Amino acid sequence: MPKVLVISDSHGSTEELKQIKARHSVEFMIHCGDSELDMDAPELEGFLKVAGNCDFDTRFSQEQGSLIEDLHFFFAHGHRHQVKSNLLTVAYRAEEEGAQVICFGHTHIAGAEKVGNQLLINPGSTLLPRVRNEQTYALMEWNTVDDVHVDFYTVEGEHVEDLSIKTSLKG
């Protein structure tokens, strides 16, 4: 069962990143930007990562795609895709790349939803959440494309049941 840890908007916090990485045994980790750390910071070791609007290390790419097991992921911070207005731009961009799973940040608002054949995941912020009080991140795992789970956790490791979803990505 592949597991992907998704984090965004950690804004310079390092101890939280270390704790979260140590808490979960995962195959892949994605940081959706605004780490405010250097590309080669030890806390970001092992992460697939992109630049946010508060990241100034020019070695970060603006967006990335990755095939993880049998699912194609697209991830970007979201500031260049106007995610604060709507999710259409980032969804269209991900569709151009053939992605089924879209991970993004920027809004600091945790949530996951399936729209058409795409799963959109915003892990929230591990430092400065909006709308909710919890500082959050997400963990996605699947047995098959018919059995996909996205669970949200607080920085302290408490499961946030009302944000978590189970869905299918079968076309």
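# A tour from strand β8 outwards

Begin by selecting strand β8, residues 118–122, which is mostly covered, since five of its five residues are buried. The model on your screen is a predicted one, and it helps to keep that in mind at every stop. If you colour the two sides of β8 separately, you will find Q118, L120 and N122 on one side and L119 and I121 on the other, and both faces are covered, with all of these residues buried.

Next, keep β8 visible and add strand β7, residues 111–115, which pairs with β8 in the antiparallel sense over five bridges. To see one of these pairings in detail, select G111 and look across to β8, where N122 stands opposite. Then follow the chain from β7 into β8: the two strands form a hairpin with two residues between them, and in this hairpin G116 takes a positive phi near 60°.

Now add strand β6, residues 101–103, which runs parallel to β8 and is joined to it by three bridges. Select V101 in β6, and you will find that its bridge partner in β8 is L119.

From β6 the tour passes on to strand β5, because these two strands also belong together in your view: three bridges join β5 to β6, and the strands run parallel. Select F74 in β5 and look for its bridge partner in β6, which is I102. If you also show helix α2, residues 88–96, you can trace how β5, this helix and β6 make a right-handed β-α-β unit.

Stay with β5 for a moment and ask how many of its residues are buried. The strand is mostly covered, with six of its six residues buried. Both of its faces are covered, L71, F73 and F75 lying on one side and H72, F74 and A76 on the other.

On screen, add strand β4, residues 63–68, which runs antiparallel to β5 and is joined to it by six bridges. Select Q64 in β4, whose bridge partner in β5 is F75. The strands β4 and β5 form a hairpin with two residues between them, and in its turn E69 has a positive phi of about 55°.

The next stop concerns aromatic rings. A pair of aromatic rings is described by the distance of the centres and the angle of the planes. A search of the whole structure finds two aromatic pairs. For one of them, select F73 and W142, whose ring centres are 6.0 Å apart and whose planes meet at 40°, so the pair is tilted. This pair links distant parts of the chain, with F73 in strand β5 and W142 in strand β9, 69 residues apart. Are these two residues buried or exposed? F73 has a relative accessibility of 0% and counts as buried, and W142, at 1%, counts as buried too.

For the other pair, select Y137 and Y153, which are stacked, with 5.8 Å from centre to centre and 25° between the planes. Y137 lies in strand β9 and Y153 in strand β10, so this pair ties together parts that are 16 residues apart in sequence. Y137 is buried, and Y153 is buried as well.

Now show the cysteines and look at their sulfur atoms. A search of the whole structure finds zero disulfides. Select C32, which is in no disulfide, and look for the nearest cysteine sulfur, which is that of C103 and is 5.2 Å away. C32 counts as buried, with a relative accessibility of 0%. Then move to C54, and ask why its sulfur makes no bond to the closest cysteine sulfur, in C32. The two sulfur atoms are 15 Å apart, which is too far for a bond. C54 counts as partly exposed, at 24% relative accessibility.

The last stop is D146, which you will find in the loop between β9, residues 136–142, and β10, residues 148–154. This residue is partly exposed, with a relative accessible area of 41%. Leaving aside residues up to four places away in sequence, D146 touches T167, S168 and K170. Show the side chains of D146 and S168 together, and you can locate a polar contact between them at 3.0 Å. Finally, to relate this loop to an earlier stop, draw a distance between the C-alpha atoms of D146 and F74, which are separated by 19 Å and belong to residues 72 places apart along the chain.

Methods
Residues numbered from 1 in each chain as written. Predicted model: local features only at pLDDT ≥ 70, side-chain atom pairs only at ≥ 80, totals over all residues. Heavy atoms only, no water. Helix = DSSP H or I, 4+ residues; strand = E, 2+ residues; numbered from the N terminus. Buried < 20%, exposed > 50% of the residue type's maximum accessible area, 1.4 Å probe, protein only. Contact = heavy atoms within 4.5 Å. Polar contact = N/O pair within 3.5 Å; in protein donor to acceptor, adjacent residues only side chain to side chain. Phe/Tyr/Trp six-rings, centres within 6.5 Å; stacked < 30°, edge-to-face > 60°. Pairing = 2+ DSSP bridges. Disulfide = S-S within 2.5 Å. Right-handed = clockwise from strand over helix to strand, strands pointing away.
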